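Trainee: Could we go through some of the labels attached to this model, and could you explain the reasoning behind each one?

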Amino acid sequence: MNNPNSETLIFVPPILATRNNQTPMKFQKILGKLLAFGLLVACARSVSAQMMINGAGATFPYPIYSKWFDEYAKVDQSVRFNYQSIGSGGGQKQILEQTVDFGASDGPMSDDNLSKAPSKLLHIPTVAGADVVTYNLPGDPALKFDGETIAGIFLGQIKKWSDPKIGALNPGVKLPDQEIIVVHRSDGSGTTYIWTDYLSKVSPEWKQKVGTNTSVNWPTGIGGKGNEGVAGQIKQTSGALGYVELIYAVQNKMPYADVKNADGEFVKASLASITAAMATAQIPDDFRFSITNAPGKDAYPIAGATWLLVYEKQKDPAKGKKLVEFLKWAAKDGEKMAQDLQYAPLPENLQKRVLQRIDEIKM
Amino acid sequence: MNVVTRPSIPGETEQPSLATQMSRPSRFGDRAFEWLTLAMALAVIALVFLVGWQLARGSQLAIAKFGFHFLTTSTWDPVAEQYGALPFIYGTIVSSLIALIIAVPLSIATAVYLTELAPLWVRQPLVSLIEMLAAIPSVILGLWGIFVMIPWLKAHPFPLLKTLFGWTPFFEGPIYGISMLAGGIIIAIMILPIITSVSREILRSVPNLQREAAYALGATRWEVTRIAVLSYAKKGLAGAVILGLGRALGETMAVTMVIGNTPQIKASLFAPGYTLASVIANEFTEATTDLYLQALFEVGLVLFGITILANLIAQVLIKTMAGATTTRAVQ
């Protein structure tokens, strides 16, 4: 108690302390410049008096959505879009609470959540992506898998690469007598939703024990945060196997396996085979569809779409009108930009149905 | 954050009585100043309560549904909506302890070197370097962890630990690289600068008289440092450690990237783990159902509770330790 130092201990971060002493003028100048810039931006905004349409939600389609908003600014200069990629959960919550003009989600909304909506909420599918099975084996052999085997591995029942089930699918490939180290996403994500949705469809045991969600209680494996976390772990671990988004695997030149689809064909994941899956999948009228394990010879089985969420009855007619115009533009012209950004566009039959649905939005 | 300001409270309580004695001619400025500072101090306390209250309110459903079981069960299943936070609590405490075990000796030794031993021209560059470590964003450190630290740990130190201590339950099992130990090490790197900086300030504030007195008695450099400096500053150094602990408990992004995010309780430090902060960071954005969100809020509440509890325990420890020290320092 009689120690004077510790009684009056007040912590000042040394960085702040030295900086403030040395360069107060500089700091003020920068602040001044920032303020001036802010004012300028504010003026520019108020002069053109643009309409702001706010959206929030899924992170997976964020790159293409921001491209769309950018391009659409050239089409219609009177409207600006502000999209916050806060995650599908946040997107659903915000549109339910009507704090945004549209939401976005990587998974369709559950009946339970949809019943909380104050009025009818529409699902508008925009683009699709896929999950691929990627792995790290000596020599990077090309591999083939079927749903049953993948489920077995992720349930922790198939433990070794030399398991006869993997061998039977890959005749001629020399598989090491090595433990399979399963890597999955630890963060809640649309990627995991597609993955678990697929496994639930091909394995009754998975459906009963684990189920479908953006994050689940994994029976085995280690969790990496984000695509980069999973990919990093797989790249560094011989014998590792996991799933990442197709785009991520392509951009990082990771090997990925062909997967057997519902028709018994081994299909390589590609934008074309994702669009093929959407063309042949059963799509209900409310567009809350799943295209995993879709029928059709060319369909890649582990794929999923992403949706925009908008109210059928728009509260603000002026905003609603602009939003509908944008949605139509996105469904027609926007779709053409999808492939450049490695998203699968909607097939023609679905595109037509989506346009009809957009027409049903009332002001 | 609230740790360090606490010791100044006893001094504060004496001031009003002194002030009232002296200020017969009314001084509005002093009064206003007193009220203003009081309001500020109360605002901080109110903020803490507000956070706690908000977290508790946000997790009502989960608290009602799982009750005490939330703290004692290990299943975290968003599909079946079964939530138990025990593995996260375990992971938070263990990873923070690992971090402290690594960071505290390193930081204090660095601080001692910087204040007592280092030649003057070395001091400023070294201090700046350590402060730069604190300026590295958590995400960057996490990425570095995945792509640089983990491969290295997996190649050299981990196998060595396994051959040396593989017979204990703490270093057995397969080495994935991603592990509780890796999480602890990355936290250690993150709390090192703050403990070092604060320790350095404390050691610098040890009066030179102390050192001179020890030298006068014929003490060697090591004896001076030990008896006159470290012993004198013990309480303050403990404060620095608490500050580090507070950081360690809440550290999120970098840990999430290297700890493996598997809700399990394993004695082996090579096994992946999970922390309270990580599960919130991982799952909050995509949590769609009410109960799920509320369970995550409750995880936040538990983390809040653990942080406060850890601070309280640490402060009691300091009190008892300080009692023992002062008598020895005087001798």
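Trainee: Why is Tyr72(A) called buried?

Mentor: This is a predicted model, and in it Tyr72(A) has a relative accessible area of 3%; buried means under 20%, so Tyr72(A) is counted as buried.

Trainee: What makes Tyr72(A) and Phe81(A) an edge-to-face pair?

Mentor: The ring centres of Tyr72(A) and Phe81(A) lie 6.0 Å apart, with 70° between the planes; since a pair needs centres within 6.5 Å and planes over 60 degrees apart count as edge-to-face, both conditions are met by these values. Phe81(A), at 12% relative accessibility, counts as buried, and both residues belong to one aromatic cluster that also includes Tyr62(A), Trp68(A) and Trp329(A).

Trainee: How do you know that Phe284(B) and Phe297(B) are edge-to-face?

Mentor: The values for Phe284(B) and Phe297(B) are 6.0 Å centre to centre and 70° between the planes, and the angle is over the 60 degrees that the label requires. Phe284(B) sits in the loop between α15 and α16 of chain B, while Phe297(B) sits in helix α16 of chain B, so the pair ties together parts that are 13 residues apart in sequence.

Trainee: Why are Phe284(B) and Phe297(B) described as partly exposed?

Mentor: Partly exposed covers what falls between the buried limit of 20% and the exposed limit of 50%, so the label fits Phe284(B) with a relative accessible area of 36%, and it fits Phe297(B) with 27%.

Trainee: Why does Asn170(A) count as buried?

Mentor: Asn170(A) has 4% relative accessibility, so the residue counts as buried, the limit being under 20%. Asn170(A) is found in the loop between α8 and β6 of chain A, and, leaving aside residues up to four places away in sequence, Asn170(A) touches Ala142(A), Leu143(A) and Lys144(A).

Trainee: What lines the second largest cavity, by kind of residue?

Mentor: The lining divides into 9 nonpolar, 1 polar and 1 charged, and among its residues are Trp68(A), Thr126(A), Leu327(A) and Glu335(A). The elements that give two or more residues to this lining are β4 and α14 of chain A, and about 60 Å³ of space lies in the cavity.

Trainee: What makes β5 and β10 of chain A edge strands?

Mentor: Each of β5 and β10 pairs on one side only, in an open sheet of 3 strands with the order β5-β9-β10 in chain A. Strands β9 and β10 of chain A run antiparallel and are joined by 2 bridges, and pairing asks for at least two, so that condition is satisfied; in β10(A), Phe266(A) is the bridge partner of Lys260(A).

Definitions and conventions
Residues numbered from 1 in each chain as written. Chains lettered and ligands numbered in written order. Predicted model: local features only at pLDDT ≥ 70, side-chain atom pairs only at ≥ 80, totals over all residues. Heavy atoms only, no water. Helix = DSSP H or I, 4+ residues; strand = E, 2+ residues; numbered from the N terminus. 1 Å grid on protein atoms, 1.4 Å probe; cavity = no way out; pocket = protein on both sides within 12 Å on 5 of 7 lines; lining within 4 Å. Points joined across faces, edges and corners; volume = space filled by probe spheres on them. Nonpolar A, V, L, I, M, F, W, Y, C, P; charged D, E, K, R; others polar. Buried < 20%, exposed > 50% of the residue type's maximum accessible area, 1.4 Å probe, protein only. Contact = heavy atoms within 4.5 Å. Phe/Tyr/Trp six-rings, centres within 6.5 Å; stacked < 30°, edge-to-face > 60°.
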